[in-house]
Amino acid sequence: MDSLGISASGMRVAALRLDASASNVARLPVEDATRLGVSASARVGGGVAGTVVEAASDPAAPAGDLVESRSAALAFDANARMLRASDESVGFLLDVMA
C-alpha cells in the first residue's frame with residue numbers, strides 16, 4: 001500500500017473514533033446506553049482498519065470521551081497533512097521527470 005492509502009485509512013479510523021466518542025456523549029442522559037469504542041488493527045501491506053465495538057462501562061466516561069474526540073481530531077489532521085505532503089511529493093516527482 002502506498003502512503004496515500006495509509007494516510008486515507010488512518011483518516012477513516014480517526015473519523016470512526018470521533019463518531020463513537022460523539023455518540024457516547026450524545027447518549028449520556030440515556031440510562032443503560034451501550035458505550036461505543038473503536039478497535040483498530042494493522043493491515044497487511046500498510047494502513048489500518050477499524051471497527052466500532054461495544055466498550056466497557058466507565059464512570060469517568062464523559063471526560064474520557066471528550067479527550068478521545070480531541071485525540072481523534074488530531075489524528076485525523078496528522079493523517080490529512082501526511083496525505084497532502086505525499087500528494088505534493090508525487091506532483092514534484094512528476095514535474096522533475098517531465
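# Exercises on a predicted two-helix, two-strand chain

The protein chain holds 2 helices and 2 strands; helices (H or I, at least four residues) and strands (E, at least two) are DSSP runs, numbered from the N terminus. The model is predicted, so local features need pLDDT of at least 70 and side-chain atom pairs count only at pLDDT 80 or more, while totals for chains, interfaces and linings use all residues. Residues are numbered from 1 along each chain as its sequence is written, and side-chain values use heavy atoms, with hydrogens and water left out.

**Exercise 1. Describe the overall chain: element order, burial and contacts.**

Step 1. Reading from the N terminus, the elements run α-β-β-α.

Step 2. Of the 98 residues, 21% count as buried (buried is under 20% relative accessible area, exposed over 50%, partly exposed in between; 1.4 Å probe, protein chains only).

Step 3. Among contacts with a separation of 6 or more, residues 24 or more positions apart account for 55%; contact means heavy atoms within 4.5 Å.

**Exercise 2. Characterise helix α1 and its N-terminal end.**

Step 1. Helix α1 covers residues 3-26, which is 24 residues. From first C-alpha to last it reaches 34 Å, close to the 34 Å expected at 1.5 Å a residue; the expected span is 1.5 Å times one less than the number of residues.

Step 2. D2 caps the N-terminal end of α1, with a side-chain oxygen 2.6 Å from the backbone nitrogen of G5.

Step 3. The buried residues of α1 include G5, S7, M11, V13, R17 and N24.

**Exercise 3. Determine whether S7 and N24 are buried or exposed, and list their contacts beyond four places in sequence.**

Step 1. S7, in helix α1, has a relative accessible area of 2% and is therefore buried. Apart from neighbours within four places in sequence, S7 is in contact with N79, M82 and L83.

Step 2. N24 also belongs to helix α1. N24 is buried because its relative accessible area is 5%. With neighbours within four places set aside, N24 is in contact with T34, R35, L36 and D65.

**Exercise 4. Identify the residues of the nonpolar surface patch, and place L66.**

Step 1. V25, L28 and L66 make a nonpolar surface patch of about 250 Å². Patch residues have over 30% relative accessible area and no salt bridge; like charges are joined within 9 Å, nonpolar side chains (Val, Leu, Ile, Met, Phe, Trp, Tyr) within 5 Å. A salt bridge is a side-chain nitrogen of Lys or Arg within 4 Å of a carboxyl oxygen of Asp or Glu.

Step 2. L66 lies in helix α2, residues 61-97. Because its relative accessible area is 54%, L66 is exposed.

Note on methods. Areas by Shrake-Rupley, 256 points an atom, 1.4 Å probe, with all protein chains shown as cover. Polar contact = N/O pair within 3.5 Å; in protein donor to acceptor, adjacent residues only side chain to side chain.
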